[in-house]
Amino acid sequence: QVQFVESGGALVQPGGSLRLSCVTSGFKFNKHDMSWYRQAPGKERRPVAAITDDGESTKFADSVKGRFTIFRDKDKDTVYLQMNSLKPEDTAVYYCNAGWWIGALFSWGRGTQVTVSS
């Protein structure tokens, strides 16, 4: 059974940083591209970052370029999202999934709430 367990979300002030983690299981992590998505209240879930299976290539939404970094640990079957210089508009529930960008492959986990507010 494929599972994604996201964590690391919190309430943070504008300009702050967070590192999200997504522990995966039930599929061959090292054979899959991975992506992070977010869904703000009243909006569709959209991708924000993606990384290839070998970790060599990444992609970011224009709104987070230069502020977010995605990386993965093949020994822990975990993908991370480092978020710096956070803005109120980054407030959302963040999810991870296997697949590249809009091509999420499996059912979603519960996500982790990120709230950026003073």
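This passage describes the strands, aromatic contacts, nonpolar core and disulfide of a predicted model.

A good place to start is the open sheet, in which 4 strands follow the order S1-S3-S8-S7 with antiparallel pairing. Strand S1 (3-7) and strand S7 (68-73) take the edge positions; each has a single partner strand, so one side of each is left without a neighbour in the sheet. From one strand to the next, the twist averages 15 degrees. At the S7 edge, S7 and strand S8 (residues 78-83) run antiparallel and are joined by 6 bridges. Within this pairing, Arg72 stands opposite Val79 of S8.

A second set of pairings involves strand S4 (34-39). S4 pairs with S5 in the antiparallel sense over 5 bridges, and 6 bridges join S4 to S9, again antiparallel. Ser35 offers a handy reference point here: this residue stands opposite Ala50 in S5 and opposite Asn97 in S9. S4 is also mostly covered, with 5 of its 6 residues buried. The hairpin of S4 and S5 has 6 residues between the strands, and in this hairpin Gly42 adopts a positive phi near 75 degrees.

Turning to the aromatic residues, the structure holds 6 aromatic pairs. One of them brings together Phe71 and Tyr80, whose ring centres are 4.9 Å apart; their planes lie at 20 degrees, under the 30 degrees that counts as stacked, so the pair is stacked. The two partners differ in their surroundings: Phe71 is partly exposed, with a relative accessible area of 28%, whereas Tyr80 is buried at 14%. Tyr95 and Trp108 provide an edge-to-face pair, with 5.8 Å from centre to centre and 70 degrees between the planes. This contact links distant parts of the chain, since Tyr95 belongs to strand S9 (residues 92-98) and Trp108 to the loop between S9 and strand S10 (112-116), 13 residues apart. Tyr95 is buried, with a relative accessible area of 11%, while Trp108 counts as partly exposed at 33% relative accessibility.

Both rings of this pair also meet a charge. The charged end of Arg45 sits over the ring of Tyr95, 4.4 Å from its centre, and over the ring of Trp108, 3.8 Å from its centre. Elsewhere among the aromatic residues, Phe4, Phe27 and Phe106 form one cluster.

The largest nonpolar core contains 29 residues, of which Trp36, Val79, Leu81, Met83 and Tyr94 touch the most other members. Contributions to this core come from several strands: strand S3 (18-25), S4, strand S5 (46-51), S7, S8, S9 and S10 each supply at least two residues. Val79, listed among those with the most contacts in the core, is the residue that stands opposite Arg72 in the S7 and S8 pairing.

Finally, the structure holds 1 disulfide, which joins Cys22 to Cys96 with an S to S distance of 1.7 Å. Cys22 lies in strand S3 and Cys96 in strand S9, so the bond ties together parts that are 74 residues apart in sequence. Both cysteines, Cys22 and Cys96, are buried. Strand S9 thus recurs in several of these descriptions: S9 pairs with S4, holds Tyr95 of the edge-to-face pair, and contains Cys96 of the disulfide.

Methods. Residues numbered from 1 in each chain as written. Predicted model: local features only at pLDDT ≥ 70, side-chain atom pairs only at ≥ 80, totals over all residues. Heavy atoms only, no water. Pairing = 2+ DSSP bridges. Axes fitted to C-alpha atoms, helices over the stretch in contact; angles between N-to-C directions. Phe/Tyr/Trp six-rings, centres within 6.5 Å; stacked < 30°, edge-to-face > 60°. Buried < 20%, exposed > 50% of the residue type's maximum accessible area, 1.4 Å probe, protein only. Lys NZ or Arg CZ within 6 Å of the ring centre and 35° of its normal. Core = buried A, V, L, I, M, F, W, Y, C linked by side-chain atoms within 4.5 Å. Disulfide = S-S within 2.5 Å.
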